[in-house]
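Me: Please take a close look at one part of this model for me, the network of salt bridges, and then set it beside the other contacts that can be described. I would like a connected account rather than a list.

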Amino acid sequence: MVDALLAAIQRRDVERVRGELARVGGAGDPRLVPPGPAGLGNPLALAARVGAPEIVSLLLDAGFEPDPKGAAERPAVAWAALGGEDDGAKELDPADEAARARIVHLLHAAGADLHRRDASTATALHHAAATN
């Protein structure tokens, strides 16, 4: 179940994500909880990493936590700020930058902590500065 959702997110297939969520009823379904510590197995973190604001919005509406405590080495908001790259070295085109800014806004509005540090002790702001 989670694999089909993650695959649809990776492809940025909004309709398939919508279908997977409708089939299981949202984030509360235990079949959508990835095994082990959440990272890129976390649907919201993956949607932020691939730069898909419409999917981020769908996941938030379905009840996914914007900032699950202790769940990921890197929270979704940091993935959005990073531009999807582990080292932050990727240059983003303007459309991609706008999508990532929208994702950061969506996550922050839903309660994500912009000052939360990831495993590297960096915040989303640190990651955003590293990409510019």
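**The salt-bridge network and its surroundings**

Reply: In this predicted model, a network of salt bridges links E15, R18 and E54. R18 takes part in both of the pairings described next, one with E15 and one with E54.

The pairing of R18 with E15 is a salt bridge in which the closest N and O atoms lie 2.6 Å apart. Both residues belong to helix α2, which covers residues 14-24, and they stand 3 residues apart, or about one turn of the helix. As for their surroundings, E15 counts as exposed, because its relative accessibility is 55% and the cut-off for that class is over 50%. R18, by contrast, has a relative accessible area of 34% and is therefore partly exposed.

The other pairing joins the side chains of R18 and E54 in a salt bridge, with a distance of 3.7 Å from N to O. Here R18 lies in helix α2 whereas E54 lies in helix α4 (residues 53-61), so this pair ties together parts that are 36 residues apart in sequence. E54 counts as partly exposed, at 41% relative accessibility.

By the rule applied here, which asks for a side-chain nitrogen of Lys or Arg within 4 Å of a carboxyl oxygen of Asp or Glu, the count comes to 5 salt bridges. One of them brings together the side chains of D96 and R100, at 3.6 Å from N to O. These two residues both lie in helix α6 (residues 94-109), where they are 4 residues apart, again about one turn of the helix. In this pair D96 is buried, and R100 is buried as well.

Returning to helix α2, R16 is also found there, and with a relative accessible area of 39% it is partly exposed. Once its neighbours within four places in sequence are set aside, R16 is in contact with A8 and R11. R16 can also be placed relative to A4, since the two are 12 residues apart in sequence while their C-alpha atoms are 8.8 Å apart in space.

The packing of helix α1 (residues 2-10) against helix α3 (residues 43-50) can be described in similar detail: the two pack at an angle of about 15 degrees, and their axes are 9 Å apart. That angle makes α1 roughly parallel to α3, because angles under 35 degrees fall in that class. The crossing of α1 and α3 is right-handed. On the α1 side the residues involved are L5, L6, I9 and Q10, and on the α3 side they meet P43, L46, A47 and V50. The residues of this contact between α1 and α3 divide into 7 nonpolar and 1 polar, with no charged residue among them.

A last site is T123, which is placed in the loop between α6 and α7 (124-130). T123 has a relative accessible area of 7% and is buried, because buried means under 20%. Leaving aside its neighbours within four places in sequence, T123 is in contact with L114, H115, R116 and R117.

To come back to the part you asked about, the network is made up of E15, R18 and E54, with E15 and R18 both in helix α2 and E54 in helix α4.

Notes:
Residues are numbered from 1 along each chain as its sequence is written. This is a predicted model: local features need pLDDT of at least 70, side-chain atom pairs count only at pLDDT 80 or more; totals for chains, interfaces and linings use all residues. Side-chain values use heavy atoms; hydrogens and water are left out. Axes are lines fitted to C-alpha atoms, for helices over the stretch in contact, and angles run from 0 to 180 degrees between N-to-C directions. Angles under 35 degrees count as roughly parallel, over 145 as roughly antiparallel, 65 to 115 as roughly perpendicular and the rest as oblique. A crossing is left-handed if the near helix is turned anticlockwise from the far one by less than a right angle, and right-handed if clockwise. Contact means heavy atoms within 4.5 Å. Ala, Val, Leu, Ile, Met, Phe, Trp, Tyr, Cys and Pro count as nonpolar, Asp, Glu, Lys and Arg as charged, and the others, Gly among them, as polar. Buried means under 20% relative accessible area, exposed over 50%, partly exposed in between (1.4 Å probe, protein chains only).
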